[in-house]
Amino acid sequence: MKVVLLGAPGAGKGTQCKNIVARYSLLHLSSGDILRQERAESTELGKKAQSYMDSGALVPDEIIIEMMAKAIEKAPADGFILDGFPRTVNQAVELDKALVAGGQQIDAVLNLEIDDNVVSRRITGRRSCPQCGAVYHIENLKPKTEGICDNDGTELVQRSDDTQEVLSNRLDAYHRQTELLVDYYKKNGTVYDFDADRDPDDVGASIFEKLDALVKM
Ligand SMILES: [Zn+2]
């Protein structure tokens with residue numbers, strides 16, 4: 001089974017991805033992780049990507065595509081779940097070409113949909129401990145003493161990209177790109193939308209229901 005997972009920041013993509021990987025023994029192909037690995041190993045692609053990042057530019061599509069195609073080629077026959085890729089229609093088109101060349105295709109696109117206001121509450125309320133990395137939330141996961149880590153008494157901080165302004169920009173960019181991407185995949189009839197405003201366990205159950213049916217086909 002070959003799956004693409006789409007979800008806005010704060011939609012709980014990480015949690016759902018972990019559960020899907022465990023249930024269906026899929027290889028998790030995260031573009032972020034793969035990019036980090038290529039850079040750490042100083043591969044040809046990693047060095048190219050690094051040079052763009054050093055100059056503050058985005059890594060161009062063709063480098064990302066080549067990197068992901070390489071990772072997909074090595075993936076086991078059981079399948080994989082793509083996380084963070086494709087991000088644009090161009091990437092999706094190139095991905096499809098690479099898959100078709102290998103006699104494969106994307107079986108399902110899972111689209112985690114969530115209201116921007118819900119995302120805002122989840123993300124801007126996050127506080128973390130710079131000492132041990134524990135993550136809290138000012139409403140849903142409060143520390144025993146406000147603003148202080150339960151584990152080590154360190155003062156909690158808000159990550160600089162968890163502010164409303166940064167988040168709004170990320171959400172706008174996400175919606176612009178993802179709407180086009182979802183339209184592209186809907187033409188192939190492979191998109192499943194999930195309401196990710198719900199409890200993560202409920203979202204997971206809905207995803208399993210769809211994927212279980214696919215596996216049986
Ligand atoms: Zn701590």
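This report describes selected helices, a zinc site, the nonpolar cores and two individual residues in a predicted model.

## Helix α1

Helix α1 comprises 12 residues, 13–24. At 1.5 Å a residue it should span 16 Å, and its end C-alpha atoms are indeed 16 Å apart, so expectation and model agree.

The buried residues of α1 are Lys13, Gln16, Cys17, Ile20 and Tyr24. Because they cover an arc of only 100° around the axis, they lie on the same side of α1. An α-helix has 3.6 residues a turn, so residues three or four places apart point the same way. On the other side of α1, Lys18 and Ala22 are exposed.

The buried residues of α1 pack against four strands, β1 (2–7), β2 (27–30), β3 (80–83) and β4 (108–113), and against helix α8 (200–216). Serine 25 follows α1 and has a positive phi, near 50°.

## Nonpolar cores

The largest nonpolar core contains 56 residues. Within this core, the residues with the most contacts are Ile20, Leu82, Leu110, Tyr185 and Leu211. Ile20 also belongs to the buried residues of α1.

For tyrosine 185, neighbours within four places in sequence being left aside, the contacts are Val4, Pro86, Ala92, Leu95, Val109, Thr190 and Val191. Apart from the largest core lies another, of 5 residues, among them Cys129, Ala134, Cys149 and Leu156.

## Zinc site

The protein donors of the zinc ion are the SG atoms of Cys129, Cys132 and Cys149, together with Asp152, which is listed twice through OD. These donors lie 2.2 to 2.5 Å from the ion. In sequence, the donor residues follow the spacing C-x2-C-x16-C-x2-D.

Cysteine 129 lies in the loop between β5 (126–128) and β6 (135–137), whereas cysteine 149 lies in the loop between β6 and α7 (164–186); the pair therefore ties together parts that are 20 residues apart in sequence. Both cysteine 129 and cysteine 149 are buried.

## Helix α6

In helix α6 (residues 116–124), the buried residues are Val118, Val119, Ser120 and Ile123. The elements covering these buried residues include β5 and α7.

The N-terminal end of α6 is capped by aspartate 115. One of its side-chain oxygens lies 2.9 Å from the backbone nitrogen of asparagine 117.

## Phenylalanine 194

Phenylalanine 194 is part of strand β7 (residues 191–195). Its relative accessibility is 4%, so it counts as buried, the cut-off being under 20%.

The C-alpha atoms of phenylalanine 194 and asparagine 111 are separated by 6.0 Å, although the two residues are 83 residues apart along the chain. Beyond its neighbours within four places in sequence, phenylalanine 194 is in contact with Leu110, Asn111, Leu112, Glu113, Ser206, Ile207 and Lys210. Leu110, one of these partners, is also among the residues with the most contacts inside the largest nonpolar core.

## Threonine 88

Threonine 88 is found in the loop between β3 and α5 (89–101). Its relative accessible area is 18%, and it is therefore buried.

The side chain of threonine 88 makes a polar contact, at 3.3 Å, with the side chain of aspartate 61. Residues up to four places away in sequence not being counted, threonine 88 touches Asp61, Gln177 and Leu181.

How values were computed: Residues numbered from 1 in each chain as written. Predicted model: local features only at pLDDT ≥ 70, side-chain atom pairs only at ≥ 80, totals over all residues. Heavy atoms only, no water. Helix = DSSP H or I, 4+ residues; strand = E, 2+ residues; numbered from the N terminus. Expected span 1.5 Å × (residues − 1). Buried < 20%, exposed > 50% of the residue type's maximum accessible area, 1.4 Å probe, protein only. Arc of directions from axis to C-beta. Contact = heavy atoms within 4.5 Å. Donors = N, O, S within 2.8 Å, 3.2 Å for Na, K, Ca; no water. Core = buried A, V, L, I, M, F, W, Y, C linked by side-chain atoms within 4.5 Å. Polar contact = N/O pair within 3.5 Å; in protein donor to acceptor, adjacent residues only side chain to side chain.
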